[in-house]
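Reader: Could you walk me through a few spots in this model? I'd like short answers.

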Amino acid sequence: GTDEVVFGQVGGSILLLCRNVSKEATEVVWFQGDPHSFPPLFSSRVSFPPDIRFSLVDNSSLSITELRVQDEGNYTCREVLNKTDHEHRVQLLVASKSSSQLSFLPPAFYISKFIWHWWKNNSPESLWLLNRHVWKEQLGESKDCALFSSYDSVSLSCAMRTRAVGFLSPTVVSDHMLSLLIDPPQATPKCWAETSSSGLMLQLFCSWPGGYPHPTLHWREEGQDLENSSWVISSTSSSDTHVETLNSSHLSHRKVFKCVGSHVVKQDQPACTVEIKRPSLESDPPQTCFVGDNVTLTCRVTESTPAARLSWLRDITQPEVEIQPGGRFLIAQEGNVSRLTIQNCSQGTDGGCYICKAQNPVGLRELFVCLTVKQPVNIVGVVGAVVVLSILAVLTVTGVVLYYNPLLCLR
């Protein structure tokens, strides 16, 4: 069966990706048609008669320029390993350039299977409404149309209102109708990065919605396709979104990835980029807490792509033990800010430095946030002591004066 469907237009260019090629592959061979029935079309190791329209990109993907209708068909990419062969099948569909206005349209025709592929993710009602609108524009209001679908094709039958419905032999949809069914994406691709659910791998997302058929998207890094890189764990595509999952061992700070999009009716290839960054942290000044009070330590991420996971650890005596929320410890995170609240401070157990840890697949950063716990000051005792000392000072001064000048007492 076909692993992927790619759409091209006469005169345009297309890149057929040989997905998930193993780095141990000794040779990559492309076939047009059944590999068991046709000779190789192109090989990474063997020289074939020159054809400037065909070339290999990154020694694996097949590039075809100046597309012709004859180029349409099934292509197979085979990677030759020491013990086994892996194949990736691509179906290339080539649309002719739009023809002039048709002078005659048959009352019944078939939309071929590849048109049905374009619309299979939509409801039959939406396809029916589209075709009904198109055909009423072309045929006028005097005809009624109905859609009949099967696994391989979609049949739209039209009949005059003034006579009984009749079905003539079906024909293939014209290039003019083909152009009316194609809709390019209106905006540019959008890129972003996320951390995998395991927290150990980087996921690159590229989305370019709004077009029919769906666009072709592929990620590049330093001019090379990521599809065949050894650090690619998996590559998945779903309608208008393409996702690459990468091993974090090859990532570095400020590395830039680029997603390039192509569509059958767009001449240009718009792109978007993602720059990955390891986390950067900052915190508030050292905090002080009196025994029995509450205190909150704050840590914030100032830079991180993708978003970092924040956690709190005790000082270096227990560097790998994360503080879990519960009991006297409360942990709250809002966006890129994490707050650790310690209730009922204890001088014997809570004083010292805490570690705020931020980690993403690119790297990690740790920051010390220190806390001093003090005994509370007894205000009443202090005031009483001041008063007593003041009285003693007055009495002392009075005694000294009377001792040296007893006449003051007689007066």
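Reader: Which residue in strand 18 stands opposite His218?

Author: Keep in mind that this is a predicted model, where local features need pLDDT of at least 70, side-chain atom pairs count only at pLDDT 80 or more, and totals for chains, interfaces and linings use all residues. Residues are numbered from 1 along each chain as its sequence is written, and side-chain values use heavy atoms, with hydrogens and water left out. Strand 14 (residues 216–221) and strand 18 (residues 256–262) run antiparallel, joined by five bridges; strands are DSSP runs of E, at least two residues, numbered from the N terminus, and two of them pair if DSSP finds at least two bridges between them. Opposite His218, in strand 18, you'll find Val260.

Reader: Which strands stand at the edges of that open sheet?

Author: The sheet has four strands, paired antiparallel in the order 15-14-18-19. Two of them have a single partner strand each, so one side of each is left without a neighbour in the sheet: strand 15 (224–225) and strand 19 (271–275).

Reader: Is Arg314 buried or exposed?

Author: Arg314 sits in the loop between strand 23 (309–313) and strand 24 (329–334). Its side chain reaches the backbone oxygen of Thr349 at 2.8 Å and that of Gly351 at 3.0 Å. Relative accessibility is 15%, so with buried meaning under 20% relative accessible area (1.4 Å probe, protein chains only), Arg314 counts as buried.

Reader: What is the bridge partner of Trp30 in strand 4?

Author: Strand 3 pairs with strand 4 (residues 42–43) in the antiparallel sense, over two bridges. There, Trp30 has as its partner Phe42.

Methods:
Buried < 20%, exposed > 50% of the residue type's maximum accessible area, 1.4 Å probe, protein only. Polar contact = N/O pair within 3.5 Å; in protein donor to acceptor, adjacent residues only side chain to side chain.
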